[in-house]
Structures are given as C-alpha cells and as structure tokens.
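Me: Could you take a close look at the hollow spaces in this structure for me, along with a helix or two around them? I am in my first year, so please explain the terms as you go.

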Amino acid sequence: MSEGRKIVWLQTIALVLSIWLVNQLADKYRVQIDLTEEKRFTISDATKELLNSLDQDVFFEVYLDGDLPSNFERFQKSIGEMLDQFALESNNRIQYKFTDPAQATNLQARNQYYQSLINKGVQATNLNYKNADGDKMEKLIFPGALASMGMEEIPANLLKGSSAAGPEGILNQSIEGLEYELASAIAQLLYGGTKKIAYVLGHGSPDSLEIAGFRSAVLSKFDLFNISLAGRQSLSGYDAVVIGKPTKPFSDQEKYLIDQYLMRGGNLIYFIDALSVNMDSASGEGTVAIPYETNLTDQLFRYGVRVNQNYVLDVNSGQFPVVSGNMGNQPQIQMIPWPFFPVLTNFSKHPSVRNLDAILGRFISEIDTVKAVGIIKTPLINTSQYTKLLGPPVRVAFNDLRDKLRPEKFTDGPKTIGYLLEGKFTSLYANRIIPKGVDKSTFVEKGEPGKVIVIGDGDIIRNDLDPETGEPLGLGVEPFTKTTYANEEFILNILDYLVDDSGLIETRSREVKIRPLDRVKVSQERTKWQMINLGLPVFLILVIGALKWIFRKRKYAS
C-alpha cells in the first residue's frame with residue numbers, strides 16, 4: 001500500500017473514532033444552547049429544583065401516538081422535547097414512551113382500553129380533521145399521560161386552553177402549559193396531600209352535596225378539612241382557608257380569628273355573593289335581589305377591595321330553563337340565554353388564570369379596589385365588554401329576557417369580578433377595640449406577607465345536582481346542557497398559587513409564539529426555494545470535492 005493511501009486510511013479511521021468519541025461524550029454529557037427568542041427549551045429554576053430532588057424514577061406513558069394531523073404531531077413533538085429536557089435535568093430519572101390507545105385489534109378491546117383510561121382520569125377528545133387526501137376523518141384521542149412512581153399513578157391532561165382561542169390557539173396554549181402540567185404531576189407524586197386546605201362551615205355556606213365537586217377536586221391534590229370557627233383560638237396549621245358563599249353573619253370573634261390568621265402569613269379565598277335572589281319568584285314581573293348581611297364588608301375593605309351590591313349582566317352567557325307554555329298538562333321547557341349567568345373568558349395574564357378556559361358564573365357582582373397601603377392588587381377575572389350593570393334595587397325577571405339579547409344595550413364595558421391581593425396586610429383591629437373572648441396577648445397589627453383572593457360570585461364553588469338522578473355533578477358542569485366549564489381548574493390553579501412554595505405555578509407564564517408563514521409569499525416563491533434547497537447542497541458538495549481534488553493533485557505533483 002502506498003504511503004498516500006496509508007495516510008488516507010489513517011485519516012479515515014481517526015475521523016470515525018473522533019465521531020464515535022464525540023457521540024459517547026454527547027450521550028453522557030448533554031449540552032444544548034437555547035437560541036429561541038422565548039427560551040422555549042429552557043425550563044424554570046423551580047422545575048429544575050424539583051427534578052434534581054428525585055431519588056427514584058418517574059415514568060410517563062403519553063397516549064398521543066398513531067395517525068395524527070400535523071398540528072397534533074407538533075403537539076406530540078413538543079411533549080417529547082419537554083420530557084427530554086426533564087430527563088436531562090434529572091439525570092435520566094424521567095422516562096417516557098408514547099402509546100396509541102387505538103392499537104387494540106378489535107373494537108371491544110379498544111373500547112375497554114378507552115374506558116380504563118377515562119376511569120384513571122385521562123380525558124378523551126373527539127378530533128375532526130382532514131387527512132392528506134382531503135378526506136374528513138374523526139378520531140377519539142387521549143391527549144394526556146399517566147405519571148407513575150413506584151406503585152402510585154396519577155393522570156396529567158395536557159390539552160388545556162381557552163376555547164375562545166380556537167383549535168390552533170388551544171394547541172399553542174397547551175404547549176405553553178406543558179412544563180407546568182408535567183412538573184405538577186411529578187410534584188403531586190412526590191408531595192401529594194401535604195398541603196392543608198380548610199373549608200369554613202356554617203354561616204349558610206353550602207355543604208354536603210352542593211360542594212361534592214369542590215371536595216373531589218381539592219382532594220385530588222391537597223388535604224381538605226371542614227372546620228368551624230366557633231370556639232377556635234387559631235387557624236394555624238392550614239396553608240389556605242376557603243370561605244365559600246356565606247349568607248349569614250360572621251361574629252366579631254370569628255372575623256378576628258380570620259384576620260389574625262392572615263396577619264401571620266396565611267392565605268385566604270373569599271367566594272362572595274353580595275345579593276340573594278329567589279329564582280322561584282323570577283317569573284312574570286320578577287323579584288328583587290336582597291343584600292346578604294355577612295358582616296365581612298369592613299374586613300374586605302381593610303384588605304383592599306369592596307364587593308358591590310349589584311349584578312353584572314353579560315351577553316356572553318349561559319342558558320336557563322323557563323316554562324314557555326303547556327302542551328296538555330305537561331309544561332314545555334325552553335332554554336333561554338340568561339345574562340345573569342356570565343360565561344367568563346376575559347382573564348389577566350397572571351399565571352393562575354393565564355390560558356384558562358371559560359368559567360361559568362351565576363349572579364356575579366363587580367369588585368372595586370380601595371386604598372390599602374403596601375398591598376398589590378391584581379385583577380384576575382373580568383367580564384366581556386358587552387355588559388350591563390344593575391344597581392340596587394336589582395330586579396330579576398324572566399320576561400325581561402325573552403327577546404334576543406342585543407349587544408347595543410350592554411354598554412357598560414368589562415367589569416372585574418376577581419382580585420388577588422398580596423403584601424403585608426394591616427389588621428382590621430388596628431386602632432380598634434379587640435372583640436371580647438379572644439386572646440389579646442398574641443394580637444398582630446401589621447402582618448407577615450400573605451395572599452387574599454376575592455371572587456364576586458359564591459356559586460363558582462358550588463356544583464349542581466343532576467335533574468334526573470339527583471346526584472351531584474362535577475364542578476362547573478351545567479345541569480341541563482351538560483357543558484363542562486373550567487371552574488374546577490380555576491379553583492385548583494388559585495389554590496396552587498396560594499400554597500405553592502416551589503414557584504411551579506409561575507411556569508404557566510411561559511409564552512410560545514406562533515410564527516406562521518406568509519401564505520401569499522410561500523405560493524409566489526415556492527419554486528425558487530425548492531430549487532435552492534435541492535440544488536445548493538449538491539452544488540456545495542461538488543465545489544468541496546473539486547477543491548479537494550485540486551489540492552491533492554498539486555500536493556502529489558510536487
């Protein structure tokens with residue numbers, strides 16, 4: 001073998017060994033640089049800390065595989081990329097695979113498998129799309145996963161977004177929320193049930209069947225305790241306290257208990273109905289809504305908000321059944337648009353409500369802010385721009401709404417019905433007589449940093465009963481149309497924000513921008529770019545080959 005050929009062989013062997021060594025090092029020590037504008041492939045410090053704390057493997061089985069339209073293939077790819085990031089950060093503690101739920105060979109086995117996924121909490125979606133040939137297709141998909149660690153298993157539903165954004169918007173919002181949903185599943189496997197939520201009983205608040213949906217939702221992630229304020233000396237030990245739709249007064253001693261809990265860094269959620277209305281009296285000329293006397297107005301005022309004694313009507317609303325007449329001796333039920341039941345889709349960019357789907361409200365009231373030194377006030381939920389504000393006395397009558405809702409009559413603009421308050425609160429009892437019967441020696445006038453959420457609708461926490469069976473429906477399920485709204489997700493999100501010490505909820509602020517191609521430009525320049533993409537690589541290879549041939553010829557000629 002000539003000396004020149006030996007050199008070529010040695011160079012080839014060295015090149016192969018170098019490539020093999022680089023691959024081995026890259027597999028063991030993964031390095032990547034995120035060059036995307038929105039840092040799409042960079043996970044948050046809170047998620048990194050969670051992943052680094054893993055001492056055993058977590059396995060995700062993702063049920064999104066098989067024949068999918070291109071937009072869901074993009075979603076599938078994003079899920080894989082995020083899980084790859086998790087695996088990299090956790091030293092391969094995160095493992096996953098994609099499964100096609102439709103792979104069963106016969107219909108019975110497939111349906112049984114589908115039902116088993118639904119029973120485990122993985123939500124199904126009916127997908128309608130056109131294939132490459134333009135044929136209309138319909139397919140049941142399960143855009144979620146089951147996360148397991150040891151013998152424990154929990155669902156993670158990954159297709160989440162606002163229906164107002166349209167199909168592509170929902171997919172993009174789901175991609176934005178992947179880190180939070182996947183990291184939350186891991187956190188729940190590690191710490192599930194360690195946060196304690198207290199629900200205050202009494203004062204006319206709903207109990208039993210009316211909050212079955214709330215209880216089920218909260219217990220899926222936290223420990224939930226029903227508590228009575230009477231006779232208690234403190235609320236210490238609870239990570240958040242929920243006051244849901246009270247209709248009767250709180251005593252000064254009970255208010256003091258709540259106040260001092262907040263002063264010690266506690267977290268409160270108030271779901272408040274300002275007015276009471278008897279729907280049985282709404283036919284004909286209707287009825288007048290009467291203010292509830294809960295004795296909480298001064299407390300909320302001190303913390304920075306006021307729930308007004310009014311109703312906000314919204315053109316974007318749910319429906320309500322009314323008797324439109326009789327056929328024989330049978331009443332005829334008609335569903336009419338009912339603007340007293342707003343469908344809420346106008347959310348702020350706060351991580352607890354960002355990209356949230358529609359919430360169903362019922363008889364909601366506007367919330368104003370008032371001066372509270374050192375308190376940050378963040379609006380969470382707003383109505384649409386097509387609203388009408390009914391001030392006292394508020395009349396509720398079916399006859400007023402039998403005609404089609406006309407947006408030109410709803411001109412009061414967006415109204416805020418949910419606020420987040422954060423900071424060091426001042427006690428209601430600062431410069432005020434402390435109630436009798438409480439321990440005054442532990443009184444705190446200026447508190448530790450705490451959080452308060454006030455929602456001007458007590459019914460968001462309440463579920464309806466199935467009109468046929470009497471069984472409690474899920475939270476946010478409308479009893480007549482069976483439409484499911486995002487009330488449950490909203491409550492879990494705000495609880496997550498209040499009690500989450502890790503900061504995982506902040507990952508819901510991630511934004512992934514869609515950069516669609518200019519379709520007109522694509523059509524006009526398609527041929528040019530096809531030629532460039534096909535011809536340029538071949539041209540470069542020929543140029544490199546020619547230069548190498550010239551170099552070798554000159555080398556050996558000399």
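Reply: Happy to help! Let's begin with a term: a residue is buried when its relative accessible area is under 20%, exposed when it is over 50%, and partly exposed in between, using a 1.4 Å probe and protein chains only. Helices (H or I, at least four residues) and strands (E, at least two) are DSSP runs, numbered from the N terminus.

This is a predicted model, where local features need pLDDT of at least 70 and side-chain atom pairs count only at pLDDT 80 or more, while totals for chains, interfaces and linings use all residues. Residues are numbered from 1 along each chain as its sequence is written, and side-chain values use heavy atoms, with hydrogens and water left out.

Helix α3 covers residues 70–89. Its buried residues include Phe72, Phe75, Ile79, Leu83 and Phe86. From first C-alpha to last, α3 reaches 29 Å, close to the 28 Å expected for its 20 residues (1.5 Å times one less than the number of residues). Just after α3, Asn91 has a positive phi of about 60°.

Phe75 also leads us to helix α5 (residues 166–176), where Ser174 is found. Ser174 counts as buried because its relative accessibility is 2%. Leaving out residues up to four places away in sequence, Ser174 touches Phe75, Leu158, Leu159, Lys160 and Gly161; contact means heavy atoms within 4.5 Å.

Now for the spaces. On a 1 Å grid over the protein atoms alone, a cavity is a set of points where a 1.4 Å probe fits but cannot get out; a pocket is an open set with protein on both sides within 12 Å along at least five of seven lines, and lining residues have an atom within 4 Å of a point. A volume is the space filled by probe spheres set on the points.

The whole structure has three cavities of 30 Å³ or more. The largest cavity has a volume of about 110 Å³. Among its 14 lining residues, Lys160, Gln173, Gly177, Asn355 and Arg508 lie nearest the centre. Both α5 and α6 give two or more residues to that lining.

Lys160 turns up again in the largest pocket, as one of the residues nearest its centre, with Gln123, Asn157, Glu488 and Glu489. This pocket holds about 1400 Å³ of space and is lined by 40 residues. Elements that each supply at least two of them are β6 (152–157), α6 (178–191), α7 (212–219) and α10 (487–499).
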